[in-house]
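Hi,

Here is the structure I promised to send over. Have a look at it first, and then read on for what turned up.

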Amino acid sequence: MIQHLDKFSVETIREMRSALPDTYYGQSCNISFNTAEILRFSKQFGEPMYFADMGIALCCEGKVESETNLVQNIITAGTLELFSPGSIYQLKSISDDCRLIGMVFTPFMVKEIFDGNTPWELMAHKKDMRVMLTEEEMSQLEEMAEIYLSLLIAYGEGNVCCRKMAGTILSFARPCFENAASDIEPKISRASLLCRRFVSLLGQTKGKHRDIAWFARQLCVSNHYLSVAVKQSGGRTVKEIIDKSVTAEIKVRLLYSDKTMAEIADELDFKSCSLLSKYFKSQTGLSPSQYRKEKKG
């Protein structure tokens, strides 16, 4: 039986690896056929999780409701997800019958696999994508994952065959995301494209900018047009999305680091700790120290 996690991180999961069947956690790559269990037993359910590395996840059964980089998603069987470094993921709900295969690769390993020429859809500026696989494609990817796991367990991540198998999996995933992007992009309206560019820019700034006018200037549009386009496409105001993103950035630092309030305030360009605390409490109802104590124990 898997015990509840006090903290969702690779380190705490690695400590549990003896209790997790069909799982391998290494220094440059991770793979688990029990990703649904890892999510389900995390105490940080509903809280932001930060992807430091590149990950892909295949939903084999069941349903997951989540939010990635401020976008809400419903994941069902056959969905393949891509998470690039810097993605912020929040789990909303997961069905009892859900079965997920998750794989994580460090950027260095991905570059090594592709001889330094990482394909664009596996780069950090493409934060996240979701595609639906056919039954045949899903079966093929699951078989490759099984082979990859068995090789890792038998030989370790430094083995040449393991690296080649990882390359095969990523090469298999590449055209899936590439084809999906080519099908979707031409159909995007101008407002939706602007909203997507705004969310992407917001992710790149990592909570350092909270002024609507700053984003409008960077995107070469008026404050009014940006506000209308984002509300029309995303269903939320620009301020709501900015506040949600900044709050998530603060939560990530509170949950997954031991940085002081002063250090966090400095990183996010708050003029003082008190201003950061006031802002955070207005969004969550808790002070940063109360939130950290409640979530980390």
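Before anything else, one definition: a charge counts as sitting over a ring if NZ of Lys or CZ of Arg is within 6 Å of the ring centre and within 35 degrees of the ring normal. Arg210 fits that description, as it lies over the face of Phe270 at 3.8 Å from the ring centre. Do keep in mind that this is a predicted model.

On to the aromatics. Searching the whole structure gives six aromatic pairs. One of them is Phe83 with Tyr89, an edge-to-face arrangement with 5.6 Å centre to centre and 90° between the planes. Are these two residues buried or exposed? Phe83 has a relative accessible area of 4%, so it is buried, and Tyr89 counts as buried too, at 6% relative accessibility. Trp214 and Phe215 make another edge-to-face pair, this time with 5.0 Å between centres and 85° between the planes. Both Trp214 and Phe215 are buried. Ring pairs also bring in Phe198, which is linked with Trp214 and Phe215 into a cluster.

Next, the sheet. Which strands make it up, and in what order? There are six, arranged S1-S2-S9-S4-S7-S10 in an open sheet with antiparallel pairing. Strand S1 (23–25) and strand S10 (128–132) are at the edges; each has a single partner strand, so one side of each has no neighbour in the sheet. From one strand to the next, the twist averages 15°. As a reminder, strands of a sheet pair through backbone hydrogen bonds, either parallel or antiparallel.

If you want to walk across part of the sheet on screen, start at the S1 edge. S1 is joined to strand S2 (residues 29–32) by three bridges, and the two run antiparallel. Tyr24 has Ile31 in S2 as its bridge partner. S2 then pairs with S9 over four bridges, again in the antiparallel sense, with Cys29 partnered by Phe105 of S9. Strand S9 (residues 99–105) also pairs with strand S4 (residues 54–61), antiparallel and over seven bridges; here Gly55 has Val104 in S9 as its bridge partner. How enclosed is S9? Five of its seven residues are buried, so S9 is largely enclosed by the rest of the structure.

Ser272 is worth clicking on as well. You will find Ser272 in the loop between helix H10 (261–267) and helix H11 (273–284). With a relative accessible area of 25%, Ser272 is partly exposed, because the range for that label starts at 20% and ends at 50%. Its side chain makes a polar contact of 2.9 Å with the side chain of Ser274, and it also reaches the backbone nitrogen of Leu275 at 3.2 Å. Looking back along the chain, Met261 is eleven residues from Ser272, and their C-alpha atoms are separated by 9.0 Å.

Last stop is helix H12 (residues 288–296). Which of its residues are buried? They are Pro288, Tyr291 and Arg292. Viewed down the axis of H12, these buried residues fall within an arc of 95°, so they line one face of the helix. That pattern is easier to picture if you recall that an α-helix has 3.6 residues a turn, so residues three or four places apart point the same way. Lys293 and Glu294, on the other side of H12, are exposed.

Cheers

Technical notes:
Residues numbered from 1 in each chain as written. Predicted model: local features only at pLDDT ≥ 70, side-chain atom pairs only at ≥ 80, totals over all residues. Heavy atoms only, no water. Phe/Tyr/Trp six-rings, centres within 6.5 Å; stacked < 30°, edge-to-face > 60°. Buried < 20%, exposed > 50% of the residue type's maximum accessible area, 1.4 Å probe, protein only. Pairing = 2+ DSSP bridges. Axes fitted to C-alpha atoms, helices over the stretch in contact; angles between N-to-C directions. Polar contact = N/O pair within 3.5 Å; in protein donor to acceptor, adjacent residues only side chain to side chain. Arc of directions from axis to C-beta.
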